[in-house]
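Dear colleague,

I am passing on the structure we spoke about, with its sequence, so that you can look through it yourself. My notes on what was found follow directly below it.

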Amino acid sequence: MRDYGYSEEGQQTSLGDVKLWQRILQFSAPYRLGLSCAVFISLLITAGTLTLPYLLQTAIDNYITASGLTTATRFSGLTNSAVAYAAIIAAVFFATFGQILLLEWIGQSVVHTVRQCLFHHLLHLDLPFFNANPTGKLVTRLTNDIQNMNEMFTSVIVTLFNDLLRLTGILILLFLMNGRLALVLSLFVPLALIITILFARIARERFRAIRTQLARLNSYLSETLSGISILQLFGQEERTRKAFEELSGEYLIRTIRQIKLFGTFMPLTEFMSSAAIAIILWYGGNEILAERLSLGELVAFISYMRLFFQPLRELSQKYSVVQSAMASAERIFQLLDTKSTIPEPALPAALPDMEGKLEFCDVHFGYSESEQILHGISLTLQPGQTVALVGTTGSGKTTLVNLLIRFYEPQKGTISIDGVETRDMTLQQLRSTVGVILQDVFILQESLLANIVMDTRTSREKVEKLLCRTGMDRFVQKLPQGLDTPIGEGVLELSTGEKQLLAFARVLCRNPSILVLDEATAAIDTESENILEQAITDSFKGRTSLVIAHRLSTIRRADHIVVMAHGRITEQGSHEELMQLSGQYATLVAMDLQSDRN
C-alpha cells in the first residue's frame with residue numbers, strides 16, 4: 001500500500017491505490033442504494049444545469065430576435081421560457097438539497113461504522129501497542145482521520161462525478177452547437193488542466209507543511225499544559241512563551257503561503273474564464289455578422305463557458321480533500337490491520353477445577369531485544385500459598401506480574417496454572433482466574449456498585465455480603481448514597497486509599513483462584529490501610545497469593561519471600577531464614593524500619 005501522506009511527519013502522497021479505494025467502498029457497501037440514488041440525482045442536476053443556457057438560447061432566438069412575430073406571441077413565448085427556467089432552477093435546488101441530505105446521512109453512517117470498528121479493534125490490542133503509540137495519536141485516528149473520511153462521501157465522491165459529468169457535457173454541447181467556435185475554445189482546456197494540476201501539487205505541499213507544523217504546535221501545547229506546575233515552579237513561563245510564539249509564528253507563515261496560493265489561482269481561473277468569454281464575443285460576433293451564428297447561440301456559449309470553469313476551480317480544491325482523506329483512510333486501515341502480539345489460542349484449554357498452583361519455568365523477557373528484564377525466572381506457588389516478591393525498583397517484580405496476566409508474552413519459558421499454560425487459555429479465562437490489584441485504579445463514571453461489579457453478574461446482596469465479610473462496608477457507609485453513590489471525575493472523587501479499597505472489592509467480586517497485589521498498599525492513608533488489612537487477611541485464606549510490597553507488615557504475612565535483583569531471584573525463604581542470611585532482604589527490612597522511624 002502506498003503512503004498517502006499528509007501525515008504528521010509529512011510524507012508525500014500518491015493517488016491510485018485501488019485496494020485502498022476498495023476498502024473505503026466496502027464500508028459504504030450497505031449504502032449502495034443511497035449512493036446510486038445520489039448518482040441518479042447528479043444526472044438530474046447536471047441535466048438541469050446544462051439545460052438553462054439552452055433555454056436562454058431558445059428564448060433569444062425564437063422570441064426576442066426572431067422576425068415576423070406579434071408582441072403577444074413574443075410575450076407568451078418569453079413567459080413560458082421564464083417559467084421553464086424558474087422551474088428548472090427550483091428542481092435543481094431541491095435535487096441538490098436532497099442529495100446533500102442523502103450524502104451527509106451516508107457519510108455520517110459510514111463514519112459511525114468505521115469509528116465503532118476502530119474503537120472495538122483498539123480495545124482488543126495488547127499493551128505493547130499502546131506503549132508504542134501515544135494516546136494523542138490514537139485519539140486523532142478516532143476523530144480527525146475519521147472525519148476526513150466523511151469528506152470523501154459528503155463532498156468528494158459524488159461531487160467529483162457531478163463535476164466531471166458537467167465538464168464532459170459542456171464540451172459535447174459546445175461542439176454540437178458550433179464546432180468552429182468550440183474548437184477555438186478547446187485550446188483553453190489543456191491550459192486550464194495544466195494550471196489546475198500545478199496548483200493542486202503546490203497546494204498539496206503547502207497543505208502538508210501546515211499539517212506538519214500544526215502537529216508540532218499541538219504536541220508542544222499538550223506537553224506544556226500537562227507540565228504547567230513544573231514550568232511555573234522553575235520560572236520557565238517566558239521561555240515557554242517564546243517557544244510557543246515561534247511555533248505559532250511558523251504556522252502563521254505557512255498558512256499565509258497557502259492563502260497566497262489560493263489568492264493567485266482563483267483570479268487566474270477567472271482571468272481564463274474572462275479571456276474565453278472575450279474570444280467568444282470577438283469570434284462569435286463576427287460569426288453573427290456573417291450569419292453563421294445566432295445571438296442566442298452566442299449567449300449560450302458564454303453561459304456554458306462560465307459553467308465550464310466553475311468545476312475546474314472546485315476540482316482543484318477537492319484534490320486536497322481527496323489527498324487528506326486518502327491519507328486518513330490509509331492510517332485507519334493500517335491501525336485496523338494491526339494484529340495483537342498476544343493472540344487468543346485456536347483451541348482454548350478446558351480448565352479443571354482451579355486449585356491455584358502457579359508455576360514460572362525459566363522465564364526470560366525484555367521490552368526490547370537489547371535490554372533483557374528477566375533472566376530465567378523459575379518459581380512455584382503452591383495452592384493456598386502466599387508469596388511475597390521484594391526488591392528494589394527495576395528488579396522485574398511488576399514485569400513478572402505483567403507476564404502472568406499476559407500483558408506481554410515471555411520470550412522464553414512458560415507460565416502455567418494447575419498445569420495449563422497461560423498461552424493456552426483465553427484472556428477471559430486467565431483474567432477471571434487471576435485477580436490483580438494495581439496501585440493505579442481506573443474509575444468508571446458510574447455508581448460505586450457498577451465499579452465493583454464491572455462485567456460480572458454479581459448481585460447487590462452478594463456485594464454487600466462481600467463488603468461486610470472483608471470489613472470494607474465501613475468505607476461504603478461513609479459515602480452519601482452508599483453503593484449507589486456516583487463516583488469519578490467531576491462527581492465524587494475518591495481518595496487514594498478509597499480507590500484501593502474499591503479495587504480490592506472489584507477483584508474479590510470475581511472470586512479468583514490466584515490473587516496478585518502489586519504495590520496495592522504503597523500510598524494509602526492509615527485508616528484505609530486498617531480496613532484493607534482485614535480484607536487482605538480474609539482474602540488470603542485458601543487462595544494462592546502473589547504480593548509485591550515494600551511494607552514490612554505485608555511482607556511478614558507471606559509464607560514464602562522471594563527477593564529479586566536485576567531480573568533474577570537472588571534469595572528466597574521465610575522472613576526468619578532471610579534475616580539470618582544478612583543479605584539483600586535484611587538490608588531492605590532495615591531500610592523499611594528506618595523509614596518508619598523517620
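I begin with Lys412, which counts as partly exposed because its relative accessibility is 48%. Please keep in mind throughout that this is a predicted model. Lys412 forms a salt bridge with Asp362, in which the closest N and O atoms are 3.9 Å apart. Since Lys412 lies in strand β4 (residues 412-417) and Asp362 in strand β1, the pair ties together parts that are 50 residues apart in sequence. Asp362 is likewise partly exposed, its relative accessible area being 28%.

The two strands just named belong to an open sheet of 4 strands, which run in the order β2-β1-β4-β5 with antiparallel pairing. At its edges are β2 (374-381) and β5 (420-421), each of which pairs on one side only. Strand β1 (residues 358-365) pairs with β2 in the antiparallel sense over 5 bridges, and Leu358 stands opposite Leu381 in β2.

Returning to charged pairs, the count comes to 11 salt bridges, of which I describe a few more here. Arg254 and Glu250 meet through their side chains in a salt bridge, at 2.9 Å from N to O; both residues lie in helix α9 (residues 237-289), 4 residues apart, which is about one turn of the helix. Arg254 is buried, with a relative accessible area of 16%, whereas Glu250 is partly exposed at 25%. Another salt bridge joins the side chains of Arg406 and Glu409, with an N to O distance of 2.6 Å, and Arg406 counts as buried because its relative accessibility is 2%, where the cut-off for burial is under 20%. There is also a network, in which salt bridges that share partners join Glu238, Arg241 and Glu245.

Turning to the aromatic side chains, the structure holds 8 aromatic pairs. In one of them, the rings of Phe129 and Phe130 have their centres 5.2 Å apart and their planes at 85°, so the pair is edge-to-face. Phe129 counts as buried at 11% relative accessibility, while Phe130, at 34%, counts as partly exposed. A further edge-to-face pair is formed by Phe365 and Tyr367, with 4.9 Å from centre to centre and 85° between the planes. Here Phe365 is buried, with a relative accessible area of 3%, and Tyr367 counts as partly exposed at 43% relative accessibility. Ring pairs extend this arrangement to Tyr408, linking Phe365, Tyr367 and Tyr408 into a cluster.

On the surface, Val39, Phe40, Leu43, Leu44 and Phe161 make a nonpolar patch of about 430 Å². Helix α2 (residues 32-64) gives the most to this patch, with 4 residues, and Phe40 is among the residues that lie in helix α2.

Finally, how many disulfides does a search of the whole structure find? The search finds 0. As for individual cysteines, Cys37 counts as partly exposed at 35% relative accessibility, and Cys117 counts as partly exposed, also at 35%.

With best regards

Note on methods. Residues numbered from 1 in each chain as written. Predicted model: local features only at pLDDT ≥ 70, side-chain atom pairs only at ≥ 80, totals over all residues. Heavy atoms only, no water. Phe/Tyr/Trp six-rings, centres within 6.5 Å; stacked < 30°, edge-to-face > 60°. Buried < 20%, exposed > 50% of the residue type's maximum accessible area, 1.4 Å probe, protein only. Patch = residues over 30% accessible without salt bridge, like charges linked within 9 Å, V, L, I, M, F, W, Y side chains within 5 Å. Areas by Shrake-Rupley, 256 points an atom, 1.4 Å probe, with all protein chains shown as cover. Salt bridge = Lys/Arg side-chain N within 4 Å of Asp/Glu carboxyl O. Disulfide = S-S within 2.5 Å. Pairing = 2+ DSSP bridges.
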